[in-house]
Amino acid sequence: MTPVRRLLTYLNPPSRSAYFFVAPSILLLLAFNLTPLIASFGLSLSSASMTLDRISFVGLEQFVRILSDARFLNSLKVTAILTLLEVPLQAFGAMVIGAMVANNSFWNKTLRAVYFLPIICSATVIGIMWRMILHSNVGFVTYALSLMGLGKINFLNSAQTTIFVVSFLSLWRSFGVSAIIYVTAVQQVNPSLYEAAQLDGAGRIRQFLNVTAPSIRPTFWFILMTRFAGSLQIFDIIYVTTGGGPNFTTESTVAYVYARAFASGGDMGYASAMSMVLFAFIMLVTVLLYRRMIRED
Amino acid sequence: MDRQKKQPLWAAIPAQALLIVLAALVLLPLLWLVLSAFKPEKEIVSWPPTFWFRTFTLEHFATVDKRIDITRYLLNSVIFACGTTSLAVVVNSLAGYAYARMQFKGKNFLFLLTLATMMIPFQVIMVPSFLVVYKMGLYNTYLGLILPRVAVAASIFMMRAAFSGIPKELEDAARIDGLHEFGIFTRIMLPQVKSTLICMVVLSINGSWNDLLWPMLVATDTKMRTLANGLALFVGQHTIQYGAAFAGALISILPMLLLYLFGQRYFVEGMVGSGLKA
């Protein structure tokens, strides 16, 4: 077959229109996802100003610089702490709660609808709301503490508490989604397994440990994977509550990237090198947990 | 189910108490935010704090637009959410359909390429994403805000799964009737996946409405800000004007609350569907 004729057979009507069907999505993904990813690698090897008026190749110099940047290393530490505070609670806590509200009674459906509600809040709303609730002079939590005879806690300005506040708010926002994903998994567990367990005299807790938990293991690894990846990218909750402070104690890596590239710097090469290091961590965790999840399935 | 009935009441109480405390942890802050938007500034910062308003006032809603350009932000949020969503519905369902039901050279490669973009975290590529939009001359334009958010691999995946479930006979019958490919898609296939489409619409509207980071990067001009980044900048600069901030927050939350009340099922299905099948 000549190349021209081969091309024509590819373009018989249904398959020709297939290209029109996929073209918009492919072009958009190329332009706004894949190009930036490739550009990221390139930028991390350069020194570049905010709008690329000045750009020069510097090799691995940015990576050398970030590794001796205490603020960057601190941001990795903050990100790791926030992740370790939030993700286990999310993966285990939401599993327990999801199992508790899995039956389709009216009451359970109501509870599920409530738990899911934070999804309609932007980080901005969460920030406005909780900054006032935790206000050290007139906040509700401060008031509750004073009723218990405890003193004021400067939740959003003290280095001891801010990191817990940030991880709590992050949990507050996405806990319901994780719980509802678990609910769907629990509802798919074979009911005869529960009947068998009941015949053996297993109570609710035994049933959860021996039937529910083992049956929904793939969901557990899935939640762990997505929440890990999400938590390593934590930014907006920080931006609207502490702004990374006090004294960088809540500045995550993405928050530092933002500061360096957009807020005060325009140091695009340096910011990209930091992004690449974070990307490596995210990929590592995702791949490890993904392989684990596939094995469970 | 009978395993619920077997449980004695005394055992259920601590468990139910925990569930209720968690529900209160979600509901009370939101309720308090709503109520506080109707309190005078003085009451908002009074000690002890009030939950229910002592004095009811609408002053913050009457004056909020003098302090925050709220009408403009609201308009921008509507344009961002509706623009992104309407384009996303077209682009992602077309692609999902082709991957589910059409045969063409390079299909597997293009589909894998699409799936691979799911692995790219946005925060990691935010610097070059800004640069791409800037270099295209789309900085501080609606197109710059909308276009990068249209194609979503998870949505394409979800649409592909929905289209795969439709029986082949339906398509064959339409083809015999002489419908062309696009006609089969719009008239026969799309109506079959209505509920998946609604899931996508609901999640896309909610996602763009609440998106903070992307507008912060490419819609920085006061005339281009959405509610999310406009309000965030306002409270960053004027922490003292709580009434205006609460009124703004309530205005920004209300449309999504309505969407949630009417389409809760689709929120849940969409969240679970786009996640679990991935």
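The largest nonpolar core, a nonpolar core being a set of buried Ala, Val, Leu, Ile, Met, Phe, Trp, Tyr and Cys residues joined through C-beta atoms within 7 Å, has 164 residues in this predicted model, and the residues with the most contacts inside this core are Y182(A) and A249(B). A residue is termed buried if 20 or more other C-beta atoms lie within 10 Å of its own, exposed if 12 or fewer do, and partly exposed in between, with C-beta atoms placed from the backbone. Helix α15 of chain B, residues 242-276, gives the most to the core, with 14 residues; helices (H or I, at least four residues) and strands (E, at least two) are DSSP runs numbered from the N terminus. Because domain 1 (3-44) and domain 2 (63-296) of chain A both give residues to this core, it lies between them. When residues up to four places away in sequence are not counted, A249(B) touches V125(A), I128(A) and M129(A) as well as L33(B) and L231(B), where contact requires C-beta atoms, placed from the backbone, to lie within 7 Å.

Residues are numbered from 1 along each chain as its sequence is written, and chains are lettered from A and ligands numbered from 1 in the order in which they are written. Local features need pLDDT of at least 70 and side-chain atom pairs count only at pLDDT 80 or more, whereas totals for chains, interfaces and linings use all residues.

The contact between the chains takes 75 residues from chain B and 80 residues from chain A. On the side of chain B that touches chain A, α15(B) gives the most, with 16 residues, and by class this side has 58 nonpolar, 14 polar and three charged residues; Ala, Val, Leu, Ile, Met, Phe, Trp, Tyr, Cys and Pro count as nonpolar, Asp, Glu, Lys and Arg as charged, and the others, Gly among them, as polar.

The secondary structure of chain B comprises 15 helices and zero strands. The radius of gyration of chain B, taken over C-alpha atoms, is 24 Å, well over the 19 Å that the globule rule gives for 278 residues, so chain B is more spread out than a compact globule; the rule is 2.2 Å times the number of residues to the power 0.38. The C-alpha trace of chain B spans about 75 × 65 × 35 Å along its principal axes, and 44% of the 278 residues of this chain count as buried.

Note on methods. Domain bounds come from an automatic or database domain assignment. Two residues are in contact if their C-beta atoms, placed from the backbone, lie within 7 Å.
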